[in-house]
Protein chains: 2
Amino acid sequence: MKRNLIPPPVVWRLSLYLRELQALAGEGVEKISSRKLADGLQTTDAQVRKDLAYFGQFGRPGVGYRVAELIQQLKQILNTDKVWPVVVVGAGDMGRALLRHKGFLAKGFNLVAAFDISDKLIGMVVGGAPIRHLDELQEFVLQSDIRMAVLAVPPQAAQGVCNLLCEAGIRGILNFAPISICAPGGVTVRQVDLAAHLEQLSFHVGAQSGPPGAMLRVRTTRIATER
Amino acid sequence: MKRNLIPPPVVWRLSLYLRELQALAGEGVEKISSRKLADGLQTTDAQVRKDLAYFGQFGRPGVGYRVAELIQQLKQILNTDKVWPVVVVGAGDMGRALLRHKGFLAKGFNLVAAFDISDKLIGMVVGGAPIRHLDELQEFVLQSDIRMAVLAVPPQAAQGVCNLLCEAGIRGILNFAPISICAPGGVTVRQVDLAAHLEQLSFHVGAQSGPPGAMLRVRTTRIATER
DNA sequence: TAGATTGTTAATCGATTAACAATC
DNA sequence: TAGATTGTTAATCGATTAACAATC
């Protein structure tokens, strides 16, 4: 498998192409050119063709790509033509929101169980997945041969849970904790830092404050949260 | 402002540096070299120095960078030295999880209100922010001079809400809907596609399925959700 | 056939890395 | 002073874009 040779931006765009193609399929579109696929995805026809060419020849000159066929090919490439069982570690607000999220399943990911240390959460079933005690994590992962995990724990706990997961044989971790974690070679870690995304926005939006009122009126302490 | 000249990867790493520096400050570290800052952040000392050099001279040869000072500088650059009021549109599971998330405020973002069309949600207060009817969105944004919005609506609704937001003068949108949206020039849109991140993991983790059992045992229909 | 569009190569562009004089 | 580390330039590397012969 010469997966190492493929530039990361290419793999990322594969996901975007797949998403777009699935939307098109939903609209009943049956074939599409690289140009049309590129439009709206802020890329170019050449980029689309070059990206796909890393993996094979999926189109026909003069015609374009068959939508249904390309979807299947991309799923095979991304390994989402089967459904992956995934564990969620941390069943706080973010973890539970992810568990409830309909849509992962259609993309090939089934959040089968969650793990936490809070007695208030353990025993709950959220989005169809039971929340169990963290102590049961490794046994569950090993027994069910789970390969992927979502990490939604507080930053201080992230590295420790990462270690547990890696020991248990997890091969891919999606980390929502705003801290960079280390995993042994062979384990892929992806970081999703929501605050960092907001910072990218504020950088581009610029320094122009709203009227002083808008900036000063904001609360510094939060009102106690309900439900 | 020559912000256009700065490569996007540089701005992104600025957020990572800031996050790391804030963690260091919490540990009481007072000064740090580009090498130490780069370690653990999967980058190099040269990259750190080059990135910072786009914005000025913040270190001292032979010494390094003062942590507290560099934090302040990075906040100024990213425009998070003041707190931005932000609206959340869509108060479903994801929207409410974001509203409850403590930690945005410390990063310079205050989720001041949410908007939805569901009567079940309107009137609730989540994470200190009231959920109001979508009809009130534009007036609120205009009156409070809000510049940034988080979009957490179903994909079909995303473009419509985006249009509303842009009309009301929003300048930055963080889009969680798994669909690519268009906004007029001057409005920055960032996409967060969680399923796409999982796909990147499955690509790297590879095609090796677990034992057939693990793949086949997964549910196809979800059990009705409790909380 | 004529028009459209692919796959692929070569040219351009942009980002990262290496190296080092300047400085604390 | 000697050791460390910066800011910055030049060299390398990698990714995107342009162009076009091949093909439907």
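Let's start with which parts of DNA strand C meet the protein. Among the strand C atoms within 4 Å of the protein, 63% belong to sugar or phosphate, and the rest belong to bases. Do keep in mind, everyone, that this is a predicted model.

So who is on the protein side? There are 23 residues around DNA strand C, and those that come nearest are Ser34(A), Arg49(A), Gly59(A), Tyr65(A) and Arg13(B). By type, the residues of this surface divide into eight nonpolar, nine polar and six charged.

Now for some individual distances, which I know you like. Tyr65(A) has a side-chain N or O atom 2.6 Å from a phosphate oxygen of strand C. Gly59(A) uses its backbone instead: an N or O atom there lies 2.8 Å from a phosphate oxygen. Then there is Gln57(A), with a polar side-chain atom 3.0 Å from a sugar or linking oxygen of the strand.

Zooming out to secondary structure, at least two residues of the surface near strand C come from each of these: helix H3, strand S2 and strand S3 of chain A, plus H1 and H3 of chain B. H3(B) gives the most, with four residues.

Those two chain B helices also pack against each other. H1(B), residues 8-26, and H3(B), residues 45-53, have axes 10 Å apart and an angle of about 110 degrees, so H1(B) is roughly perpendicular to H3(B). From H1(B) we have Val10(B), Arg13(B), Leu14(B) and Tyr17(B), meeting Gln47(B), Val48(B), Asp51(B) and Leu52(B) of H3(B). That contact comprises five nonpolar residues, one polar and two charged. And Arg13(B) should sound familiar: we met it among the residues that come nearest to strand C.

Notes: Residues are numbered from 1 along each chain as its sequence is written. Chains are lettered from A and ligands numbered from 1 in the order in which they are written. This is a predicted model: local features need pLDDT of at least 70, side-chain atom pairs count only at pLDDT 80 or more; totals for chains, interfaces and linings use all residues. Side-chain values use heavy atoms; hydrogens and water are left out. Axes are lines fitted to C-alpha atoms, for helices over the stretch in contact, and angles run from 0 to 180 degrees between N-to-C directions. Angles under 35 degrees count as roughly parallel, over 145 as roughly antiparallel, 65 to 115 as roughly perpendicular and the rest as oblique. Contact means heavy atoms within 4.5 Å. Ala, Val, Leu, Ile, Met, Phe, Trp, Tyr, Cys and Pro count as nonpolar, Asp, Glu, Lys and Arg as charged, and the others, Gly among them, as polar. A residue is near a molecule or strand if one of its heavy atoms lies within 4 Å of it. A polar contact is a pair of N or O atoms within 3.5 Å; within protein, one must be able to donate a hydrogen and the other to accept it, and residues adjacent in sequence count only if both atoms are side-chain atoms.
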